[in-house]
Amino acid sequence: MNQTEAFHERIDEALHNDQMRRNFRSALSGIQAKREQQFPDDAQLQALREQARAVRANALVKQPELLEQLEAKLTENGIRVHWAENPEQANQIIADILDAATAKTVVKGKSMVSEETGLNTYLEQRGIEVVESDLGEFIIQLAEEPPSHIVAPAIHKNRQEVAQLFHRFYPDLPYTEDINQLTETARQILRDKFAHADAGISGVNFAVAETGTLCLVENEGNGRLSTTAPRVHIAITGIEKVVEKLSDVPPLLEILTKSATGQPITTYFNMISRPRQAGELDGPQAVHLVLLDNGRTRIKVDEQLLDTLRCIRCGTCINYCPVYVQLGGHAYGTVYPGPIGIALEPQRLGIDQVGSLTSACTLCGACGQVCPVEIPLPKLINRLRAEAVNAGREASPLIGRGALRNKTEATSWKLWRLVYANAFVYRLFALAATRLRWLTPKKLGGWTRYRSAPKPAKRTLNELARQKGFRSE
């Protein structure tokens with residue numbers, strides 16, 4: 001099955017899941033309302049967006065030297081830095097660290113980069129138990145599903161579905177659909193895991209080059225426990241998360257939390273600078289950072305595609321995407337769904353692998369209007385669409401350009417261009433189309449999958465205009 005057929009199959013499955021679509025509509029409407037309450041003054045919002053955009057753009061321009069500075073400061077602080085070019089290298093590095101620490105159990109705070117590498121599966125195949133400590137991630141780990149959203153991974157499930165899942169895995173506990181009780185159940189289960197885990201793994205929201213500080217945004221305290229309770233902490237992040245100064249963090253944090261969940265600030269904001277020092281009673285004895293490239297350097301080469309790397313993973317574009325609301329995250333079949341996924345994944349994985357994602361966009365522009373760092377998502381998606389069907393002659397870092405070109409479709413458009421460019425030929429064509437309208441096919445590929453085939457009128461526009469007394473000259 002090719003990527004387009006597989007994508008259509010997932011779309012069909014999603015569109016027939018009425019319960020999931022109701023869950024999405026309810027959850028995303030609430031998130032949108034909370035976000036809008038946080039930004040009552042549009043002028044202030046636009047000023048903050050511009051400030052955040054400038055911080056991220058500056059960090060990308062200076063990225064090589066900032067990464068060197070980050071490594072130097074982290075090393076000075078006692079944190080070991082590892083570089084990984086691809087997911088395989090990242091997984092191997094983490095496995096080696098765990099082996100050296102004789103670690104067999106791991107608690108993990110939410111990390112989308114580790115989803116890129118398939119870390120959980122890799123470690124479990126090596127006999128290491130990995131427990132997701134974020135509540136949403138914990139739920140979908142039980143369900144053996146990938147995240148459906150980059151901020152709210154279990155957003156596609158309602159409380160009844162979560163209750164049934166908990167009851168299946170923990171039948172000794174009383175069945176309940178009370179959200180507070182379900183949360184308490186998860187907390188009790190995870191406390192034991194935190195207490196006995198050999199190592200903790202987390203993501204990173206911002207890595208500050210100036211001070212060698214790893215910043216982690218979260219709401220549940222699972223990130224803090226994952227990074228401080230076990231004796232070893234391993235952070236993994238993409239190389240684009242580096243920022244220049246500590247003073248760059250406040251505007252990014254403010255617009256991240258308000259945009260993502262409509263909160264003025266999250267419950268926890270962790271700043272990790274070093275492992276446990278002599279005389280301190282808690283904290284990990286060793287801290288490691290794995291910096292993953294995984295195609296990011298290639299994306300950075302292109303001045304337009306570079307904008308994609310400004311993303312701060314707030315998920316706002318997803319929350320406002322009318323297509324995502326109908327499909328949900330799993331239909332995309334990639335780590336990152338929604339508009340940012342459509343822009344990022346074909347660049348990261350190749351158009352020949354996931355270029356069909358570009359069709360899951362109405363180009364309504366909503367994602368670009370709400371993006372807190374002003375990524376021009378509609379423009380990027382439009383370019384990817386063009387490069388998916390046309391390799392072009394200019395240099396481009398995109399993999400698999402032209403992979404979705406359909407020769408029949410391309411030939412049809414060329415013929416149409418020839419017809420449309422010649423007035424005499426066009427009149428002949430229009431006359432034939434109206435007189436032979438009974439020959440119009442009832443099936444026109446994907447166009448007639450959900451709608452009827454259009455049929456030409458009985459008379460051409462030119463004929464109707466002449467009847468009304470208009471003359472072309």
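**Entry 1: T102**

I began at T102, which I located in the loop between α5 (87-100) and β2 (105-108). I was working with a predicted model throughout, and I kept that in mind while reading backbone angles. The phi of T102 is near 50°, a positive value in a residue other than glycine. I then asked whether T102 is buried or exposed. Its relative accessible area is 57%, and because exposed means over 50%, T102 counts as exposed.

**Entry 2: R313**

I looked next at R313, whose phi is near 55°, again a positive value in a residue other than glycine. R313 sits in the loop between α13 (296-300) and α14. With a relative accessible area of 15%, R313 is buried, since the limit for that class is under 20%. I noted the two loop residues side by side: T102 is exposed, whereas R313 is buried.

**Entry 3: T316**

From R313 I moved on to helix α14 (residues 316-319), in which T316 is found. T316 has 0% relative accessibility and so counts as buried. Which residues does T316 touch, leaving aside those up to four places away in sequence? I found R35, S259, A260, V370 and P372. I also looked up the separation between the C-alpha atoms of T316 and S111, and recorded 17 Å for this pair, which lies 205 residues apart along the chain.

**Entry 4: helices α3 and α4**

I turned to the packing of helix α3 (residues 42-61) against helix α4 (residues 63-77), and noted an angle of about 85° with the axes 5 Å apart. That angle makes α3 roughly perpendicular to α4, because values from 65 to 115 degrees fall in that class. On the α3 side the contact is made by A59, L60 and V61, and on the α4 side by Q63, P64 and L66.

**Entry 5: the nonpolar patch**

I then went to the surface, where W413, W416, Y420, Y426 and F429 form a nonpolar patch with about 580 Å² of accessible area together. The elements that give two or more residues to this patch are α20 (407-421) and α21 (423-435). Which element gives the most to the patch? It is α20, with three residues. I picked out Y420, which lies in helix α20, and noted that its relative accessible area of 55% makes Y420 exposed.

**Entry 6: L436**

Following the chain onward, I placed L436 in the loop between α21 and α22 (461-467). At 41% relative accessibility, L436 counts as partly exposed, because this class covers the values between 20% and 50%. The C-alpha atoms of L436 and P456 are 8.8 Å apart, with 20 residues separating the two along the chain.

**Entry 7: the whole chain**

I closed with the values for the chain as a whole, in which I noted 22 helices and ten strands. The C-alpha trace spans about 95 × 55 × 50 Å along its principal axes. Of the 473 residues, 48% count as buried, and I had already met T316 and R313 in that class. The chain exposes about 23500 Å², of which carbon and sulfur atoms supply 53%. Finally, I looked up how the contacts are distributed along the sequence: among contacts between residues at least 6 apart, 72% join residues at least 24 apart.

Technical notes
Residues are numbered from 1 along each chain as its sequence is written. This is a predicted model: local features need pLDDT of at least 70, side-chain atom pairs count only at pLDDT 80 or more; totals for chains, interfaces and linings use all residues. Side-chain values use heavy atoms; hydrogens and water are left out. Patches are made of residues with over 30% relative accessible area and no salt bridge: like charges are joined within 9 Å, nonpolar side chains (Val, Leu, Ile, Met, Phe, Trp, Tyr) within 5 Å. Accessible areas come from the Shrake-Rupley method with a 1.4 Å probe; for residues, only the protein chains shown count as cover. A salt bridge is a side-chain nitrogen of Lys or Arg within 4 Å of a carboxyl oxygen of Asp or Glu. Helices (H or I, at least four residues) and strands (E, at least two) are DSSP runs, numbered from the N terminus. Buried means under 20% relative accessible area, exposed over 50%, partly exposed in between (1.4 Å probe, protein chains only). Axes are lines fitted to C-alpha atoms, for helices over the stretch in contact, and angles run from 0 to 180 degrees between N-to-C directions. Angles under 35 degrees count as roughly parallel, over 145 as roughly antiparallel, 65 to 115 as roughly perpendicular and the rest as oblique. Contact means heavy atoms within 4.5 Å.
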